[in-house]
Each structure stands twice: as C-alpha cells, then as structure tokens.
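Please open the structure in your viewer and keep the selection panel at hand. The stops below say what to select next and what is to be found there.

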Amino acid sequence: MIPEAVSIREVGPRDGLQIEDPVPLDAKIRLLDALAATGVPRIEATSFVSPRAVPALADAADLAAELYRWPNIEFSALVAGVGGTRRALEAGIRTVEYVVSAADGHSQANTKSSTSEAVARIEEIVGLVHDAGGKVEVIIATAWDCPFDGPTDQERPLWIAEHAVKCGADQISLADTIGTATPGRVARLVDSVHSRLGEVNLGAHFHNTRGVGLACALTAVEHGVRYLDASVGGLGGCPFAPGASGNIATEELAFMLADLGVDTGVDVAEAIRAAGVAEDVVGHAVPSNLLRAGLPRPAAE
Ligand code: ZN
C-alpha cells in the first residue's frame, strides 16, 4: 500500500536545534533558506515553551517575525500549553502543534502536568487556534515508550487521539520521542488508530536512536500514514528524554520514498546540500549517512 504522495515536515529548526547550544538568528535564517530550497512543504520553525527550559529556542517570536520570507511554506510551532499557544498566535503562527505525552512520567518532566491534565487542555487550545483561523495538530509524545515509565499502555495514545478528534483537532501525530519504536509496534498502533477512529489525518515522528527510524517510517506509510516528520541531517533529540538522539534525516527519507515513486516535493540533492548547511550552523558533524556517502552515481548513458 504505497501512496502517490507523502507530506514531509522538516523539524530541524525545532527538534534539531533545541538540544544544541543556541544558534544566532541569522544562522537560523541561513538554514531556513537552505531548507526552503529543498521544496519541503512544511517546516516546524520553533516552539513556544519556557525559554529557561529550552534556551536554544528563546528567540521564537523573533524567528516567527522572519517567516514572511518564505511564503510558500507552511510553518508550524510546537506548544506545551495554553500560554504558549497564545504567544504563538500573537507571533503570527497559524499551525500549532500541541504536544501531549501519553506517559505521565514524560508529561511531568516535560510540562509539570499529568497526561490527563494535558488532555483536558486540548479543547481550549483547539478553540483558541480555530478562533484565530489556524490549524491544530495534537502530537502524542511517548506513544510507544517513555524514558521514565517504560512501555506505554497502547490504550493511552488511542484515548488521546480519540479525545483530540472529538475536540476538533485537524491532525494527530504519533511520536516516538526516544527512538525505541520498531516496525511491528508501529504497524500495530497505526492500525489501531485507524480501526478506532477511521479516516483521520495521521502523522508520525521517528528518531533513529536504535537504527530503525526509516524502517518505522516506511512501515507507517504502508499502514496509511501520510505525514512524516524528519530533520535535516538527522539533527535532533528531546532535552527531557535521556538517551534520545537524532530524528530520521530528511534527505534520507526523501531518497527512500523517491525510489518507491512517492512524491514528497523534496529535491534530494538540495536536501543533502541543506544537511551540509546544518552541519555548518551547529558546528559539528550530523548523523546523516547520505550526507557522508553522497548520492549513488547515475547510470552511464
Ligand atoms: Zn522528536
């Protein structure tokens, strides 16, 4: 079941940069320019969370003020509560990702509230964003495993997804926050979401911590996921999830899907170039294998 198209969201500027030493705004703009040149349709620009907790993204409002430069890209920002939602809307963001951790341990570490408390805020956040003419995606973090609580009872992400849909969320995403998901578990949870909720705009977010990130992404696509997060060069990690490492790399995801005839809109050569810019911006090597090895040589004429 390979679809004609999959929509990739580039999360490097948020998930990628949040664990790095703060990068100056002009370097972020240089990275966004390189990302825009790849043709990726959606970019997670930043997050509106506590600047003390995530100093690398303390410039969220300043960055949001620069996003007019790339009018063809749908920019989003991550929030963890009502206050962040208001700040994102004030800054002009109209696609808001509200993250709810399915596991209480990660939820407390990330937002100082339980999963139930976070779920209870979905309705108000959807209302605020819709009143502003925007869209809300509910991201279900630790959908498979929690760094503190261990395996997540698979009823919990289903319960959050069901509640989010009831509240009018425009999209749901399953996030493998610590990179422990494996293709079989991905297939089971994605199938469960579909059998519980029917047609729903379902996305997925994988980290390559244990080397099977792309396998999880492909499995998700085969089971009906049409929205995937990926990070330039494979940058990334969660500051509140010990042991987390990079997201799946955007250029590698686009390279894999192109072979299957799946349209992502991403130019793989440009995406590799952007990974080089990302390396320059963060000042160290990024995990991407494709950046190291380069594209295979084309067939001889
Ligand atoms: Zn992540």
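How many bridges join strand E3 to E4, and do these strands run parallel or antiparallel? Select residues 74–79, which form strand E3, together with E4: three bridges join the two, and they run parallel. Within this pair, alanine 77 stands opposite valine 96 in E4. Please keep in mind throughout that this is a predicted model.

**The barrel**

Extend the selection to the strands E1-E2-E3-E4-E5-E8-E9-E10, and you will have the eight strands that, in this order, close into a barrel with parallel pairing. Neighbouring strands of this sheet are turned against each other by 30 degrees on average, direction ignored.

Return to E4 (95–101) and colour its residues by accessibility. Seven of the seven residues of E4 are buried, so the strand is largely enclosed by the rest of the structure. In a regular strand, side chains alternate between the two faces of the sheet. In E4 both faces are covered, with Thr95, Glu97, Val99 and Ser101 buried on one side and Val96, Tyr98 and Val100 buried on the other.

Next, select strand E5 (residues 135–141) and strand E8 (residues 171–175), which run parallel and are joined by four bridges. Here isoleucine 140 stands opposite leucine 174 in E8. Add helix H8 (residues 155–166), which packs on the sheet and touches E4, E5 and E8, its direction making about 170 degrees with that of E5.

**The zinc ion**

Now centre the view on the zinc ion and show the side chains of Asp15, His205 and His207, which coordinate the ion at 2.0 to 2.1 Å. The donor atoms are OD of Asp15 and NE2 of His205 and of His207. In sequence, the donor residues follow the spacing D-x189-H-x1-H. Histidine 205 and histidine 207 are both buried.

**Two helices side by side**

Select helix H4 (residues 82–90) and helix H7 (residues 122–131), whose axes lie 10 Å apart and make an angle of about 10 degrees. H4 and H7 are therefore roughly parallel to each other, the angle falling in the class under 35 degrees. At the contact, Val82, Thr85, Arg86 and Leu89 in H4 meet Glu124, Ile125, Leu128 and Val129 in H7. Sorted by character, the residues of this contact divide into five nonpolar, one polar and two charged.

**Helix H11 and its surroundings**

Move to helix H11 (residues 250–259), which lies across strand E1 (7–10) and strand E10 (227–230) and runs at about 170 degrees to E1. Seven of the ten residues of H11 are buried, so this helix is largely enclosed by the rest of the structure. To see them, select Thr250, Glu251, Glu252, Leu253, Ala254, Met256 and Leu257. These buried residues pack against E1, E10, helix H10 (213–222), helix H12 (268–282) and helix H13 (289–293). Just after H11, stop at glycine 261, which takes a positive phi of about 80 degrees.

**Loops and backbone angles**

Which of the two residues, lysine 112 or serine 114, is buried and which is exposed? Both can be found in the loop between H5 and H6, where lysine 112 counts as exposed at 74% relative accessibility, whereas serine 114 counts as buried at 17%. Apart from its neighbours within four places in sequence, serine 114 is in contact with Asp104, Ser107 and Gln108.

Most residues other than glycine have a negative phi. Lysine 112 has a positive phi of about 55 degrees although it is not a glycine. Threonine 142 likewise takes a positive phi, near 45 degrees, and it is placed in the loop between E5 and strand E6 (145–146). With a relative accessibility of 0%, threonine 142 counts as buried.

**A last stop**

Finally, select glycine 150 in strand E7 (residues 150–151), a residue that is partly exposed with a relative accessible area of 23%. If you draw a distance from its C-alpha to that of glycine 105, the viewer should give 9.1 Å, for two residues that are 45 apart in sequence.

Definitions and conventions. Residues are numbered from 1 along each chain as its sequence is written. This is a predicted model: local features need pLDDT of at least 70, side-chain atom pairs count only at pLDDT 80 or more; totals for chains, interfaces and linings use all residues. Side-chain values use heavy atoms; hydrogens and water are left out. Two strands pair if DSSP finds at least two bridges between them. Axes are lines fitted to C-alpha atoms, for helices over the stretch in contact, and angles run from 0 to 180 degrees between N-to-C directions. Contact means heavy atoms within 4.5 Å. Donors are N, O and S atoms within 2.8 Å of the metal (3.2 Å for Na, K and Ca); water is not among the atoms, so sites may look incomplete. Buried means under 20% relative accessible area, exposed over 50%, partly exposed in between (1.4 Å probe, protein chains only). Angles under 35 degrees count as roughly parallel, over 145 as roughly antiparallel, 65 to 115 as roughly perpendicular and the rest as oblique. Ala, Val, Leu, Ile, Met, Phe, Trp, Tyr, Cys and Pro count as nonpolar, Asp, Glu, Lys and Arg as charged, and the others, Gly among them, as polar.
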